[in-house]
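Visitor: Before we begin, may I ask how the terms used for a protein model are justified? I should like each term to be set against its rule.

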Amino acid sequence: MPERLAEMLLDLWTPLIILWITVLPYIYMAPMAPSQVLPSGSSLGLNGLNEEQRVLNRSKRGWVWNQMFVLEEFSGPEPILVGRLHTDLDPGSKKIKYILSGDGAGTIFQINDITGDIHAIKRLDREEKAEYTLTAQAVDWDTNKPLEPPSEFIIKVQDINDNAPEFLNGPYHATVPEMSILGTSVTNITATDADDPVYGNSAKLVYSILEGQPYFSIEPETAIIKTALPNMDREAKEEYLVVIQAKDMGGHSGGLSGTTTLTVTLTDVNDNPPKFAQSLYHFSVPEDVVLGTAIGRVKANDQDIGENARSSYDIIDGDGTALFEITSDAQAQDGIIRLRKPLDFETKKSYTLKVEAANVHIDPRFSSKGPFKDTATVKIVVEDADEPPVFSSPTYLLEVHENAAINSVIGQVTARDPDISSSPIRFSIDRHTDLERQFNINAEDGRITLATPLDRETSMWHNITIIATEIRNHSQISRVPVAIKVLDVNDNAPEFASEYEAFLCENGKPGQVIQTVSAIDKDDPKTGHFFLYSLLPEMANNPNFTIKKNEDNSLSILAKHSGFNRQKQEVYLLPIIISDSGNPPLSSTSTLTIRVCGCSSDGVVQSCNVEAYVLPIGLSMGALIAILACIILLLVIVVLFVTLRRHKNEPLIIKDDEDVRENIIRYDDEGGGEEDTEAFDIATLQNPDGINGFLPRKDIKPDLQFMPRQGLAPVPNGVDVDEFINVRLHEADNDPTAPPYDSIQIYGYEGRGSVAGSLSSLESSTSDSDQNFDYLSEWGPRFKRLGELYSVGESDKET
């Protein structure tokens with residue numbers, strides 16, 4: 001009742017307070033007393049005094065102010081009066097003018113220059129600008145000279161409740177665990193108010209809940225939201241919508257308000273145990289199912305979510321705990337029953353299991369609601385299936401001696417049909433495992449026999465696969481591996497372990513061990529090898545060597561005397577009989593080669609060849625081989641040299657089967673000009689090789705085949721060269737098959753005294769086509785023919 005009375009009184013006085021604030025700026029502010037001390041340095045109102053008085057006395061004024069107030073958001077028909085300026089210097093003669101400058105002067109605030117009244121000509125908003133700083137000054141109306149120093153003052157905009165509270169980040173979301181106790185804090189939400197928090201109650205906010213009760217409550221001052229009910233259950237209702245209000249003016253009537261929404265979600269806790277959907281499950285499975293196959297699934301439902309709903313499954317009882325297992329599926333949250341061991345319908349036709357589902361994560365706060373587990377019964381029925389034959393053993397190991405007779409029985413395998421029908425079984429060998437067909441099997445009773453002889457030394461083990469097939473259903477087959485071990489019999493005689501060759505020093509001593517040999521036997525007796533060594537009966541009294549059996553089953557050969565000489569006998573052969581301890585024992589004769597060698601004083605073998613005696617002292621066999629190789633190399637070089645010389649001296653005229661079109665002969669021995677008659681043999685031009693035979697030309701291939709001309713008689717060395725050349729020239733011009741026998745002569749020295757001068761074309765500065773050969777006819781009768789030839793050539797070119 002007192003609270004309601006106070007609320008009524010507050011509602012009554014609120015309009016009066018607002019009216020007082022609104023009318024307050026219009027109340028006339030009386031001038032202050034003349035004795036009010038002005039600011040230092042002021043000279044206002046002292047225009048009629050002398051300079052000395054001006055210095056000693058301060059002027060006084062009748063109005064002093066610091067600040068004015070104006071109400072925001074005022075929108076009357078006329079500009080609102082903010083205040084009035086007045087000075088004692090104004091006698092009312094209208095000789096003083098008031099000037100206003102500063103923030104908003106002329107745009108927001110306007111002054112009457114005669115009366116000093118200040119008006120606000122625009123609507124003000126405190127939230128945009130709370131105060132304005134202006135400067136007032138009184139000046140002479142006519143001269144605009146200041147009558148006193150300027151004075152600064154502030155106009156403050158007074159706040160009114162024109163802004164409602166706002167929730168800037170709404171709507172809001174919050175979570176709180178389910179089953180929380182009463183008063184558990186959920187979240188804290190605050191609003192903002194743009195009004196002045198200092199002046200009045202315009203920004204004083206009070207919070208309340210409009211929707212969301214009775215589940216949640218809010219602190220009016222701090223806006224802390226708490227749970228108003230204990231043990232709220234997420235499984236019953238997970239989400240709540242709460243409407244929150246913030247009201248200014250301290251929550252009183254007339255205040256402005258703002259609202260927002262808060263969504264509160266209850267988070268899960270493990271407060272519910274798992275529960276099987278049914279108490280009994282039935283599954284059936286064929287007896288031939290593969291191990292690890294999933295037989296069925298069971299699931300315990302949990303009203304919780306996430307990790308709180310995770311359960312583990314176990315088989316805790318039943319007659320099939322050894323044959324079945326259960327695993328948990330983390331995704332589907334159920335248990336999968338799988339087969340661990342093979343089933344047999346003929347042995348047991350059904351099984352009963354008791355499975356349990358228990359929560360993995362248990363919250364101790366809710367253990368009183370437990371136990372957090374549940375059980376169910378699972379019945380599994382085994383279905384009959386046509387199973388393949390079953391061998392009596394998963395593997396077989398058989399043994400047979402390597403000398404066993406063909407068709408002898410090695411062993412037997414057995415199999416049966418596990419089904420009730422009990423079909424007969426047929427046996428066979430997988431020939432992929434017995435490619436050489438060494439074994440056979442009786443198709444009816446499974447007896448394995450030998451088909452080919454065995455040799456343990458070749459193959460000690462044989463691995464074959466036996467196939468058992470149902471006669472009534474050939475698709476039902478089974479396989480079993482059979483390992484056959486070949487047992488050893490004494491069928492191999494011992495022999496030397498390697499090819500031994502002993503070396504005996506000429507300067508050796510009697511009783512010296514020449515060589516130690518060992519024997520091997522391909523057989524493998526159970527008691528191990530034991531060898532007996534002996535010499536041939538006819539060599540039992542060998543005058544040179546004797547034998548000695550060692551403890552390690554080896555044999556040492558010893559020399560009986562010294563003074564062996566390799567010039568008399570270089571090699572000795574010693575036959576040795578080696579016998580084993582088998583039943584019956586086997587033996588063989590191996591021959592040891594003993595070579596007599598020359599040794600150093602300390603017994604190091606140096607040479608074992610008789611030829612070493614005939615070699616010069618200091619010349620070894622390696623040196624002899626090197627000398628022989630050098631001789632052979634020299635012979636090869638000589639043969640190559642002769643071959644190259646022959647190739648170089650081949651005649652210039654080729655035979656019919658050769659196809660050389662040009663032949664250039666270079667003479668290193670050059671003539672000495674016309675005076676040198678011995679440097680060049682004219683007989684070369686006669687071509688003695690071609691006198692009596694036909695030789696084709698090398699430079700052209702004739703179109704027509706001409707009969708070989710009759711060879712001319714040999715011309716003596718004293719024949720006229722001019723006549724000889726003419727004859728050859730005539731033959732060359734008329735017979736295209738005749739060899740030209742051209743040659744290029746290079747004369748480094750042409751001799752002296754020739755009237756023709758140099759005939760070398762190398763010194764010619766022009767080509768043949770640019771030369772005139774008429775001068776050749778002036779050189780004498782010897783060059784007359786040559787001149788005719790060249791003149792004819794020039795005329796032919798012109799023609």
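**Reasoning from value to term**

Guide: Let us start with F427, which has a relative accessible area of 6% and is therefore buried. I should add that this is a predicted model.

Visitor: Why is F427 called buried?

Guide: The term buried requires a relative accessible area under 20%. F427 has 6%, so F427 meets the rule. F391 is buried as well, with a value of 11%.

Visitor: What makes F391 and F427 an aromatic pair, and what is the term for its geometry?

Guide: Rings pair if their centres lie within 6.5 Å, and planes that are neither under 30 degrees nor over 60 degrees apart count as tilted. For F391 and F427 the centres are 6.5 Å apart and the planes make an angle of 50 degrees, and the pair is tilted. F391 belongs to strand β24 (residues 390–391) and F427 to strand β28, so the pair ties together parts 36 residues apart in sequence.

Visitor: Why is the pair of F545 and F564 called stacked?

Guide: Stacked applies to planes under 30 degrees apart. The planes of F545 and F564 stand at 15 degrees, with ring centres 5.8 Å apart, so this pair is stacked. The pair links distant parts of the chain, 19 residues apart: F545 is in strand β37 (residues 545–549), and F564 is in the loop between β38 (554–559) and β39 (571–579).

Visitor: How do you know whether F545 is buried or exposed?

Guide: F545 has a relative accessible area of 3%, so F545 is buried. F564, at 5%, also counts as buried.

Visitor: Which residue is exposed, and what makes it so?

Guide: Exposed means over 50% relative accessible area. D602 has 60%, so D602 is exposed. D602 is found in the loop between β40 (587–599) and β41 (605–607).

Visitor: What makes the charged end of K349 count as sitting over the ring of F345?

Guide: The rule asks for a distance within 6 Å of the ring centre, together with a limit of 35 degrees from the ring normal. The charged end of K349 is 4.7 Å from the centre of the F345 ring and sits over that ring. Likewise, the charged end of K129 sits over the ring of Y132, at 5.4 Å from its centre.

Visitor: How do you know that strands β31 and β32 pair?

Guide: Pairing needs at least two bridges. Strand β31 (residues 461–470) and strand β32 (residues 477–487) have nine bridges and pair in the antiparallel sense. Within this pairing, I467 stands opposite R479 in β32.

Visitor: Why are β25 and β28 called edge strands?

Guide: Four strands form an open sheet in the order β25-β32-β31-β28, with mixed pairing. The edge strands are β25 (396–401) and β28 (425–429), each of which pairs on one side only. From one strand to the next, the twist averages 30 degrees.

Visitor: Which residues have the most contacts inside the largest nonpolar core?

Guide: That core has 23 residues, and those with the most contacts inside it are F276, V298, F324, V378 and I380. Among the elements that give two or more residues to this core are β17 (294–298) and β20 (324–329). Beyond its neighbours within four places in sequence, V298 is in contact with residues including F276, Y281, F283, Y313 and V378. Ring pairs also link F276, Y281, F283 and Y313 into a cluster.

Notes. Residues numbered from 1 in each chain as written. Predicted model: local features only at pLDDT ≥ 70, side-chain atom pairs only at ≥ 80, totals over all residues. Heavy atoms only, no water. Buried < 20%, exposed > 50% of the residue type's maximum accessible area, 1.4 Å probe, protein only. Axes fitted to C-alpha atoms, helices over the stretch in contact; angles between N-to-C directions. Core = buried A, V, L, I, M, F, W, Y, C linked by side-chain atoms within 4.5 Å. Contact = heavy atoms within 4.5 Å. Phe/Tyr/Trp six-rings, centres within 6.5 Å; stacked < 30°, edge-to-face > 60°.
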